[in-house]
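Pull the model up in your viewer and let's take a walk through it. We'll go from one aromatic corner out to the whole fold, and then on to the core and the charged pairs.

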Amino acid sequence: MADMLQVNRALTVLNLADNHIGGHYIKQDDVEGSSFKVGDAVRWNGMAGTISKEKESDGKIFVHFQQGIQAIAQALKVNRALKSANLGMNNIGDEGAIAISAALESNNMLTETDLTARQGSVKIGPAGAQAIAKMLAVNRALNSVDLRFNQIPGEGKQQLRDAVKGKNTSLQM
């Protein structure tokens with residue numbers, strides 16, 4: 001998918017919402033690792049990931065993967081056709097937000113993006129909000145950014161508001 005996006009010249013709307021790009025719950029027994037604590041590196045189906053949440057009562061752990069979101073970010077950096085990208089509910093977290101923001105600093109075609117989170121998921125926090133604010137300060141194309149349901153603290157929200165001040169950009173938080 002990400003390879004196709006890099007050369008795409010026709011697709012203008014991308015909706016990858018709710019595809020577990022950033023990670024998902026997996027039975028601990030199906031994951032390879034020496035320990036299973038938050039922050040530990042593990043492997044699942046050949047992919048490297050990091051445990052983001054302790055084991056639930058059903059025996060599942062949340063494993064955060066960055067390969068998918070990093071590949072999408074690289075594609076967004078060079079894509080010149082997309083106008084809208086919905087990446088919401090994909091557990092991208094701060095790392096994903098930082099990668100996407102870096103890519104969008106030089107993308108002058110994308111006009112709207114959705115990075116909403118869902119309850120019980122990995123959310124964008126202070127570091128991700130800071131990266132998004134930095135990107136919004138230089139990006140001249142985005143006019144709609146949806147960040148609802150993330151864990152952006154008051155200071156991060158203010159940085160985001162300051163970044164779009166004087167611009168015709170809708171910011172949902």
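## A walk through the fold

Phenylalanine 65 is buried, with a relative accessible area of 3%. Keep in mind that this is a predicted model, so every value here is computed from predicted coordinates.

Let's zoom out before going on. The protein has five helices and nine strands, and reading along the sequence gives you the pattern α-β-β-β-β-β-α-β-α-β-α-β-α-β. The C-alpha trace spans about 50 × 40 × 20 Å along its principal axes. How does the radius of gyration fit a compact globule? For 173 residues you'd expect a value near 16 Å, and the protein has 16 Å, so the two agree. Buried residues account for 46% of the 173. Among contacts between residues at least 6 apart in sequence, 74% join residues at least 24 apart. On the outside, the protein exposes about 8,700 Å², with carbon and sulfur atoms supplying 48% of that.

Now for the rings. The structure holds two aromatic pairs. A pair of aromatic rings is described by the distance of the centres and the angle of the planes. In one pair, tyrosine 25 and phenylalanine 62 have ring centres 5.0 Å apart and planes at 80°, which makes the pair edge-to-face because that angle is over the 60-degree cut-off. Tyrosine 25 sits in strand E2 (residues 23-27) and phenylalanine 62 in strand E5 (residues 60-64), so the pair ties together parts that are 37 residues apart in sequence. Are these two partners buried or exposed? Tyrosine 25 is partly exposed, at 32% relative accessible area, whereas phenylalanine 62 is buried, at 2%.

The other pair brings us back to phenylalanine 65. Its ring and that of tryptophan 44 have centres 5.9 Å apart and planes at 35°, so this pair counts as tilted. Tryptophan 44 belongs to strand E3 (residues 41-44), while phenylalanine 65 lies in the loop between E5 and H2, so the contact ties together parts that are 21 residues apart in sequence. Tryptophan 44 is at 17% relative accessibility, and it counts as buried because the cut-off is under 20%.

Next, the nonpolar interior. In soluble globular proteins, nonpolar side chains tend to be buried together. Here, the largest nonpolar core has 34 residues, and Ile100, Ile132, Leu136, Leu147 and Leu160 are the ones that touch the most other members. The elements that give two or more residues to this core are helix H2 (67-78), H3, H4 and helix H5 (154-164). A second, separate core of eight residues includes Val31, Ile51, Val63 and Phe65. So the phenylalanine we started from is a member of that second core.

For a closer look at the largest core, click on leucine 136. Leaving out residues up to four places away in sequence, leucine 136 touches Leu142, Val145, Leu160, Ala163, Val164, Lys167 and Leu171. Serine 101 is worth a click too: this residue lies in helix H3 and is buried, with a relative accessible area of 3%. With the same sequence neighbours left out, serine 101 touches Ala131, Ile132 and Met135.

Finally, the charges. How many salt bridges does a search of the whole structure find? The search turns up four. In one of them, glutamate 105 partners lysine 134, with the closest N and O atoms 3.3 Å apart. That pair links distant parts of the chain, 29 residues apart: glutamate 105 is in the loop between helix H3 (93-104) and strand E7 (112-114), and lysine 134 is in helix H4 (residues 126-138). Glutamate 105 is partly exposed, at 31%, and lysine 134 counts as exposed, at 54%.

Another salt bridge joins the side chains of aspartate 146 and arginine 148, at 2.7 Å from N to O. Aspartate 146 is buried, at 6% relative accessibility, while arginine 148 is partly exposed, at 33%. There is also a bridge between lysine 165 and aspartate 162, whose closest N and O atoms are 3.6 Å apart. Lysine 165 is exposed, with a relative accessible area of 62%, and aspartate 162 is partly exposed, at 40%.

Conventions
Residues are numbered from 1 along each chain as its sequence is written. This is a predicted model: local features need pLDDT of at least 70, side-chain atom pairs count only at pLDDT 80 or more; totals for chains, interfaces and linings use all residues. Side-chain values use heavy atoms; hydrogens and water are left out. Helices (H or I, at least four residues) and strands (E, at least two) are DSSP runs, numbered from the N terminus. Buried means under 20% relative accessible area, exposed over 50%, partly exposed in between (1.4 Å probe, protein chains only). A nonpolar core is a set of buried Ala, Val, Leu, Ile, Met, Phe, Trp, Tyr and Cys residues joined through side-chain atoms within 4.5 Å. Contact means heavy atoms within 4.5 Å. The radius of gyration is taken over C-alpha atoms; the globule rule is 2.2 Å times the number of residues to the power 0.38. Accessible areas come from the Shrake-Rupley method with a 1.4 Å probe; for residues, only the protein chains shown count as cover. Rings of Phe, Tyr and Trp (its six-membered ring) pair if their centres lie within 6.5 Å; planes under 30 degrees apart count as stacked, over 60 as edge-to-face and the rest as tilted.
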